[in-house]
Amino acid sequence: MTTNIRTAAAVDITESARTLAIAFDNYPWTRWSIPEDDYAIRLKRLQAIYLTHAVEQGLVLVSDDLAGVAALLPPESSEPAEALQAEIADLMGERGELVFSTQLPQHPEKSWNFATIGVRPESAGQGLGSSIIEKALKRASLSSFSRVSLETSEARNVRFYERHGFVVTHRTEIENGPTVWTMVIEL
């Protein structure tokens, strides 16, 4: 697939959040962490919050048609503002306390956090996700930080990321929740 992958701007956030909400509609982590009541609305708003933060603090890449989106945060990025964290907690409702108390491994020191990547279903399987990952890793490799880490709660994603050089460094079994694989690549 040949498509232009570019750095997102603030104007791209609304449609990019929609893409991620569609891509993550049945994702194990989001289904576990977001209440069913108004799930789609909550998911889209959470994606918009996190994308806004990533545009400001890190790197968001999109395809020109916004059918594919990825966000990476550098090691020194700060947490979202306190007001946004309160909104995130509100959106997670009764699930928030459980989610925020879940212990996942720390990202390796001086590692980019590959926070998210999603492709709309009608564009899936055509190489768009791979194109975005390759561009993201190339951009990260130009920085002074030589590794990228991520988490996924979808087993088939593990094989996808392994094809791009990521290796599983940890597997977390969440009681009554999803399995989360932590993965890292050295650039």
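This report walks through the fold, the nonpolar cores and a few individual residues of a predicted model.

## Overall fold

Let's start with the secondary structure. The protein contains 7 helices and 7 strands, and from one end of the sequence to the other they follow the pattern β-α-α-α-β-β-α-α-β-α-β-α-β-β. Its radius of gyration is 16 Å, close to the 16 Å that the globule rule gives for 187 residues, so the protein is as compact as a globular protein of that length. If you want a box around the C-alpha atoms, roughly 40 × 35 × 30 Å along the principal axes will hold them.

Contacts across the sequence are plentiful here too: of those between residues at least 6 apart in sequence, 72% join residues at least 24 apart.

## Surface and charge

Of the 187 residues, 48% count as buried. The protein exposes about 9600 Å², and carbon and sulfur atoms supply 49% of that area.

On the charge side, there are 17 positive and 25 negative side chains. The centres of these two sets lie 7 Å apart.

## Two nonpolar cores

In soluble globular proteins, nonpolar side chains tend to be buried together. In this model, the largest nonpolar core has 29 residues. Those with the most contacts inside this core are Trp-29, Leu-43, Leu-51, Val-60, Val-62 and Val-69. Several elements supply at least two residues each: helix 1 (13-23), helix 2 (28-33), helix 3 (39-57), strand 2 (59-63), strand 3 (68-73) and helix 4 (82-92). Helix 3 gives the most, with 7 residues. Apart from this core lies another, of 26 residues, and its members include Val-148, Phe-160, Phe-166 and Met-183.

Trp-29 is a good residue to select in your viewer. Leaving aside neighbours within four places in sequence, Trp-29 is in contact with Val-99, Leu-104, Ser-153, Ile-174, Pro-178 and Val-180.

## Glu-87 in helix 4

Glu-87 lies in helix 4, one of the elements that supply at least two residues to the largest core. With a relative accessible area of 26%, Glu-87 is partly exposed, because the value falls between the limits of 20% for buried and 50% for exposed. Not counting residues up to four places away in sequence, Glu-87 touches Arg-45 and Ile-49.

For a sense of distance, try Glu-87 and Ser-141: they are 54 residues apart in sequence and 33 Å apart in space, C-alpha to C-alpha.

## Loop residues worth a look

Two residues may catch your eye on a Ramachandran plot. Phi of Lys-110 is near 55°, a positive value in a residue other than glycine. Lys-110 sits in the loop between helix 5 (96-101) and strand 4 (111-119), and at 52% relative accessibility Lys-110 counts as exposed. Asn-176 likewise is not a glycine, yet has a positive phi of about 60°. Asn-176 belongs to the loop between strand 6 (167-173) and strand 7 (179-186), where it is exposed with a relative accessible area of 74%.

Ala-124 is found in the loop between strand 4 and helix 6 (128-141). Its relative accessible area of 44% makes Ala-124 partly exposed. Ala-124 and Gly-68 are 56 residues apart along the chain, with 8.9 Å separating their C-alpha atoms.

Terms used. Residues numbered from 1 in each chain as written. Predicted model: local features only at pLDDT ≥ 70, side-chain atom pairs only at ≥ 80, totals over all residues. Heavy atoms only, no water. Helix = DSSP H or I, 4+ residues; strand = E, 2+ residues; numbered from the N terminus. Rg over C-alpha atoms; globule rule 2.2 N^0.38 Å. Buried < 20%, exposed > 50% of the residue type's maximum accessible area, 1.4 Å probe, protein only. Contact = heavy atoms within 4.5 Å. Areas by Shrake-Rupley, 256 points an atom, 1.4 Å probe, with all protein chains shown as cover. Lys, Arg positive; Asp, Glu negative; His and termini not counted. Charge placed at Lys NZ, Arg CZ, Asp CG, Glu CD. Core = buried A, V, L, I, M, F, W, Y, C linked by side-chain atoms within 4.5 Å.
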